[in-house]
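Subject: Structure for you to look at

Dear colleague,

Here is the structure that I promised to hand over, with the sequence alongside. Please open both before you read on, and keep them beside you.

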Amino acid sequence: MAYSKNSPFNDLPNLPPIDFIESPEILRHLAKAARHLGELNGLCASLPDPQLLINTIVLQESKDSSAIENIVTTQDELYKAASEEGTASHAAKEVLSYREALYVGLEKMTTQKNLLMTNTMIEIVQTIKQNKSGIRTSPGTALKNAINGEIIYTPPCCEDILREKLTALEQFINDADNSLLDPLVKMAFIHYQFEAIHPFADGNGRTGRIVNALYLVQQQLLLQPVLYLSSYIVKYKTEYYQLLRAVTEKNNWHDWVMYILTAIIETAQLTTQKIRSMLSLKDEYEKQMKQTLGASFSYELLQLMFTLPYLKIELLENKNIAHRQTASVWLKKLKEADILRPQKIGRTTYYINYRLMELLSTD
Ligand SMILES: Nc1ncnc2c1ncn2[C@@H]1O[C@H](COP(=O)(O)OP(=O)(O)OP(=O)(O)O)[C@@H](O)[C@H]1O
Ligand SMILES: [Mg+2]
């Protein structure tokens with residue numbers, strides 16, 4: 001049957017696409033992407049304390065990825081929420097759930113022999129949405145133009161077909177021998193396929209973007225999940241949607257793969273730069289803090305400043321880094337040295353690692 005954007009695309013073919021060829025342009029991009037990813041991975045492997053810096057990168061990704069869905073939270077609100085779960089706005093909570101989902105996925109993959117399974121994808125979406133949503137069981141899901149409501153794409157329907165296609169995708173992801181394709185090309189294929197299957201009522205974009213990050217870890221291209229394409233996608237969102245459509249409507253895999261490879265190259269370079277800048281900021285602060293705090297210098301405090309850049313007295317107490325009295329003296333001294341800057345939000349004064357925040361928000 002001829003393809004129609006108005007009826008469920010039950011003829012969506014399984015991967016890999018039969019007539020795909022790696023053009024010289026793609027091969028050049030592949031080599032470049034592998035080089036930049038390798039550099040990023042090497043840097044992460046050399047970090048004494050990788051979790052430390054990754055936490056802020058993951059939080060930034062959670063913010064960008066959620067922004068694609070128009071869940072917008074300010075830096076302030078988000079980092080404040082990260083320091084005190086419970087009182088966050090709805091948007092900030094959803095962003096924190098995205099971060100949680102990434103870790104849930106990673107954990108699940110580790111306990112399932114490094115396999116990336118359908119049940120993991122379901123757990124990811126449930127964590128993002130904080131509900132028990134699963135694979136769509138009834139028809140009616142269609143992607144529409146936000147402005148005029150016109151249907152852009154109708155994904156396959158319903159549960160049996162979706163499960164069948166997810167199983168085929170699962171095999172493609174986990175079977176290393178199924179083709180001689182480069183893992184980065186495979187990642188581009190997987191991302192399209194997951195979005196085209198569109199197994200859930202909502203959260204498909206975000207789940208698919210988490211799957212990308214997990215896949216890079218599964219393929220051992222990265223030891224830590226530090227490469228996230230969401231900020232690139234936010235920047236080139238129209239193209240992202242157009243290219244997904246062009247695969248469905250014109251079988252144009254070439255431009256889609258080029259888009260993903262370019263996203264990997266740019267993001268890997270940017271992330272490497274960011275981690276380097278964070279490391280040098282941390283070194284600089286360590287020296288300054290040793291001067292400012294003298295014998296009471298605490299490495300745990302420095303670490304916390306780079307994990308949760310919005311500090312407050314209670315946070316230092318809760319993390320068992322210092323008693324109230326000491327915490328208050330430290331924060332005051334760091335304020336006087338202009339290492340942290342105070343900001344009153346509601347009734348609480350936060351002491352902000354403002355230089356880290358500046359660094360995180362520039363691209
Ligand atoms: N023509 C298309 N074909 C297949 N998938 C598409 C198409 N257009 C957009 N998509 C995918 O659908 C996603 C949106 O689906 P959904 O609303 O379920 O996900 P979300 O996570 O809630 O939203 P978002 O991705 O906007 O954050 C997009 O991010 C994109 O990946
Ligand atoms: Mg949505």
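Below is what was found, from the whole chain down to a single residue.

This is a predicted model, in which local features need pLDDT of at least 70 and side-chain atom pairs count only at pLDDT 80 or more, while totals for chains, interfaces and linings use all residues. Residues are numbered from 1 along each chain as its sequence is written, and chains are lettered from A and ligands numbered from 1 in the order in which they are written.

The protein chain has 15 helices and five strands, where helices (H or I, at least four residues) and strands (E, at least two) are DSSP runs numbered from the N terminus. Its radius of gyration is 22 Å, which agrees with the value near 21 Å for a compact globule of 363 residues; the radius is taken over C-alpha atoms, and the globule rule is 2.2 Å times the number of residues to the power 0.38. Of the 363 residues, 38% count as buried, meaning that 20 or more other C-beta atoms lie within 10 Å of the residue's own (12 or fewer is exposed, in between is partly exposed, and C-beta atoms are placed from the backbone).

Helix H2 (residues 50-68) and helix H12 (residues 299-307) have axes that come within 8 Å and cross at roughly 25 degrees, with axes being lines fitted to C-alpha atoms, for helices over the stretch in contact, and angles running from 0 to 180 degrees between N-to-C directions. That makes H2 roughly parallel to H12, a term for angles under 35 degrees (over 145 is roughly antiparallel, 65 to 115 roughly perpendicular, and the rest oblique). The contact is made by Leu52, Leu53, Asn55 and Thr56 of H2 and by Gln303, Phe306 and Thr307 of H12, where contact requires C-beta atoms, placed from the backbone, within 7 Å.

Helix H2 also holds Ser66, which counts as buried because it has 25 C-beta neighbours inside 10 Å. Leaving aside neighbours within four places in sequence, Ser66 is in contact with Ile71, Glu94, Val95, Tyr98 and Arg206.

Arg206 is also one of the closest residues to ligand 1, together with Glu69, Glu195, Asn204 and Gly205, in a shell of 17 residues (each with its C-beta atom, placed from the backbone, within 6 Å of the molecule). Two or more residues of that shell come from each of strand E2 (151-153), helix H7 (183-197), helix H8 (204-218) and helix H10 (237-250).

With best wishes

Methods: Contact = placed C-beta atoms within 7 Å.
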